[in-house]
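Let's take a walk through this structure together, starting with its sheet and ending with its pockets. Keep the 3D view open beside you as you read.

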Amino acid sequence: ITPDQTAAIVGHTGAGKSTIISLMMRFYDIQHGQVLVDGVDVREHDLLKLRQHFGVVLQDPVLFSGTIESNIRMGTEWITDAQMRVAAEQVNIHDFINSLPGAYSEPMRERGNSLSTGQKQLINFARALAHNPRILILDEATSSVDTDTEMRVRLALERMIEGRTSVVIAHRLSTVQRADVILVM
């Protein structure tokens with residue numbers, strides 16, 4: 001996958017799609033061959049620095065108790081309020097957040113129980129975007145949203161992948177049809 005390219009990985013359940021992502025981020029090391037990031041084997045990268053290049057959005061949205069702001073920042077202090085808001089605007093969740101009584105300071109219950117699945121996923125998208133990753137990983141990121149929310153999510157995805165290398169794992173044809181490369185497992 002070349003820089004600024006979007007690659008879709010498709011295949012049946014158990015084919016190894018998510019395993020490729022785990023190998024890229026060195027959740028475990030490969031046994032044969034190489035995974036290169038910027039032409040360097042991932043095993044030669046500093047693990048923390050390697051993982052800082054990635055923004056990951058998984059199938060099931062993950063939110064923590066705290067505030068919406070703390071869920072977007074995820075402990076990263078260098079993300080400014082402006083960067084956080086721009087990320088939320090780009091993924092179509094800013095207006096919703098501002099409609100809440102506390103806006104970005106709105107308390108979140110564990111797992112974001114007060115939000116719809118689509119709203120939770122859009123907050124996850126804002127989190128990934130606010131960290132400004134060079135490589136964006138979307139692992140079935142649209143599969144948990146309903147068809148009404150899918151259009152908002154798809155528009156958010158289009159904005160997220162602009163100007164960065166993206167790897168999209170998906171079953172929905174609508175998610176992968178705009179990819180530059182489609183890898184079939």
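Two strands count as paired here if DSSP finds at least two bridges between them. In general, strands of a sheet pair through backbone hydrogen bonds, either parallel or antiparallel. With that in mind, and remembering that this is a predicted model, begin with strand β7, residues 135-139, which runs parallel to β8 and is joined to β8 by five bridges. To find your place in this pairing, look for Leu138, which stands opposite Val168 in β8.

Now turn to another partner of β8. Strand β1, residues 6-10, pairs with β8 over four bridges, again in the parallel sense. Here, too, Val168 is a handy landmark, since the bridge partner of Ala8 in β8 is Val168. From β1 you can step onward to β9: four bridges join these two strands, which run parallel. Within that pairing, Ile9 has Leu183 of β9 as its bridge partner.

Put these steps together and the whole sheet comes into view. Five strands make up an open sheet with parallel pairing, in the order β4-β7-β8-β1-β9. The edges are held by β4 and β9 (181-184), each of which has a single partner strand, so one side of each is left without a neighbour in the sheet. From one strand to the next, the twist averages 15°.

How much of β8 is buried? Five of its five residues are, so to speak, under cover: β8 is mostly covered, with five of five buried. Both of its faces are covered, with Thr165, Val167 and Ile169 buried on one side and Ser166 and Val168 buried on the other.

For a contrast, look at Pro3, in the segment before β1. Pro3 has a relative accessibility of 65%, and because exposed means over 50%, Pro3 counts as exposed. Pro3 and Arg164 are 161 residues apart in sequence, yet their C-alpha atoms are 6.8 Å apart in space.

Next comes a helix, α6 (117-130). The 14 residues of α6 reach 20 Å from the first C-alpha to the last, close to the 20 Å expected at 1.5 Å a residue. Like β8, α6 is mostly covered, with 13 of its 14 residues buried. After α6 comes Asn132, whose phi is positive, near 50°.

That leaves the open spaces. Rolling a probe the size of a water molecule over the atoms shows where empty space is left. The largest pocket holds about 510 Å³ of space. Its lining has 20 residues, and the closest to its centre are Phe54, Val56, Met74, Arg127 and His131. Helix α6 returns here: α2 (47-52), β4 (54-57) and α6 each supply at least two residues of this lining. By type, the lining of the largest pocket divides into eleven nonpolar, six polar and three charged residues.

The second largest pocket has a volume of about 410 Å³. It is lined by 19 residues, and Ile1, Leu36, Val37, Ile135 and Thr165 lie nearest its centre. At least two lining residues come from each of α1 (17-24), β2 (36-37) and β8 (165-169), so you meet the buried strand β8 once more. The lining of the second largest pocket divides into eleven nonpolar, four polar and four charged residues.

Note on methods
Residues numbered from 1 in each chain as written. Predicted model: local features only at pLDDT ≥ 70, side-chain atom pairs only at ≥ 80, totals over all residues. Heavy atoms only, no water. 1 Å grid on protein atoms, 1.4 Å probe; cavity = no way out; pocket = protein on both sides within 12 Å on 5 of 7 lines; lining within 4 Å. Points joined across faces, edges and corners; volume = space filled by probe spheres on them. Nonpolar A, V, L, I, M, F, W, Y, C, P; charged D, E, K, R; others polar. Buried < 20%, exposed > 50% of the residue type's maximum accessible area, 1.4 Å probe, protein only. Expected span 1.5 Å × (residues − 1). Axes fitted to C-alpha atoms, helices over the stretch in contact; angles between N-to-C directions.
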